[in-house]
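Have a look at the model below before reading on. Turn it around a few times, and then we'll walk through one corner of it together.

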Amino acid sequence: MHVFLTIAALAVTSAAPAGDYVWPLTLDPQLTSSFAEYRTGRFHAGIDLRTSGVGREVYAAGDGYVSRVRCSPYGYGKAVYLQLSDGNVAIYAHLSDYYPDLTNFVQQEQKKREQYSVDIYLKPSQFPIKRGQLIAKSGQTGIGAPHLHFE
């Protein structure tokens, strides 16, 4: 799946469909890290896209639902996992924020659990997503300069 999304992402121009997938940003595609790039003790699991700052709109690659949402000061920082209707999973990480309904849900869970870090698995009916729908804002949570990690 990672290889297919990487190839699909590289083959399109901004916001144009690649088969069934939509490029996640309205910016021109600019990679800052590639798939399987060696990192100390591991390989990079996705591609990193230049955002030239925080707060760029991030769009869903395809139809599906938010299957998991994470919020942490480390690693991926704020991340959204989309279970796509074709069976693949798209991951968006280092976000500054989620789309409003998801932000409210995450904040309620953080308050209920009395902690910032959460890792929440969701049901298909909770947050359905349509191809091209705004799902988040780019950021620099977790690690690194502002960019969008996309798997």
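What follows is a short tour of one helix, one arginine and some salt bridges. Keep in mind that this is a predicted model.

**The helix**

Let's start with helix 2, which runs over residues 100-113. Helix 2 has 14 residues and spans 20 Å from its first C-alpha to its last, close to the 20 Å expected at 1.5 Å a residue. Which residues of helix 2 are buried? They are Leu 102, Thr 103, Phe 105, Val 106, Glu 109 and Gln 110. These residues sit on the same side of helix 2, because they cover an arc of only 165° around the axis. The general idea is handy here: an α-helix has 3.6 residues a turn, so residues three or four places apart point the same way.

What do the buried residues of helix 2 pack against? Their partners are strand 8, strand 9 (78-84), strand 10 (89-98) and strand 11 (118-121). Now flip to the face turned away from the buried side: there you'll find the exposed residues Pro 100, Asp 101, Gln 108, Lys 111 and Lys 112. Right after helix 2 comes Glu 114, whose phi is positive, near 55°.

Thr 103 makes a nice example from the buried side. Its relative accessible area is 10%, and anything under 20% counts as buried, so Thr 103 is buried. If you skip its neighbours within four places in sequence, Thr 103 is in contact with Asp 97 and Tyr 98.

**The arginine in strand 8**

Next stop: Arg 68, which lies in strand 8 (residues 64-71). Is Arg 68 buried or exposed? With a relative accessible area of 17%, Arg 68 is buried. Not counting residues up to four places away in sequence, Arg 68 touches Ala 79, Val 80, Tyr 81, Asp 119, Ile 120 and Tyr 121. The C-alpha atoms of Arg 68 and Leu 122 are separated by 5.6 Å, though these residues are 54 apart along the chain.

The side chain of Arg 68 also makes polar contacts. One of them joins it to the side chain of Asp 119, at 2.8 Å. Another, of 3.3 Å, joins it to the side chain of Tyr 121.

**The salt bridges**

How many salt bridges does the structure hold? The count is four, and the table shows some of them.

| Pair | Closest N to O |
|---|---|
| Arg 68 and Asp 119 | 2.8 Å |
| Lys 112 and Glu 109 | 3.1 Å |
| Arg 113 and Glu 109 | 3.2 Å |

Take Arg 68 and Asp 119, which form a salt bridge. This pair links distant parts of the chain, with Arg 68 in strand 8 and Asp 119 in strand 11, 51 residues apart. Arg 68 is buried, while Asp 119 is partly exposed, with a relative accessible area of 33%.

Back in helix 2, Lys 112 and Glu 109 are three residues apart, so about one helical turn separates them. Lys 112 is exposed at a relative accessible area of 61%, whereas Glu 109 is buried at 11%. Glu 109 also pairs with Arg 113 in a salt bridge. Arg 113 and Glu 109 both lie in helix 2, four residues apart, again about one turn of the helix. Arg 113 is partly exposed, with a relative accessible area of 36%. Elsewhere, salt bridges that share partners join Arg 68, Arg 70 and Asp 119 into one network.

Technical notes: Residues are numbered from 1 along each chain as its sequence is written. This is a predicted model: local features need pLDDT of at least 70, side-chain atom pairs count only at pLDDT 80 or more; totals for chains, interfaces and linings use all residues. Side-chain values use heavy atoms; hydrogens and water are left out. Helices (H or I, at least four residues) and strands (E, at least two) are DSSP runs, numbered from the N terminus. Buried means under 20% relative accessible area, exposed over 50%, partly exposed in between (1.4 Å probe, protein chains only). Contact means heavy atoms within 4.5 Å. A polar contact is a pair of N or O atoms within 3.5 Å; within protein, one must be able to donate a hydrogen and the other to accept it, and residues adjacent in sequence count only if both atoms are side-chain atoms. The expected span of a helix is 1.5 Å times one less than its number of residues. The arc is that of the directions from the helix axis to the C-beta atoms. A salt bridge is a side-chain nitrogen of Lys or Arg within 4 Å of a carboxyl oxygen of Asp or Glu.
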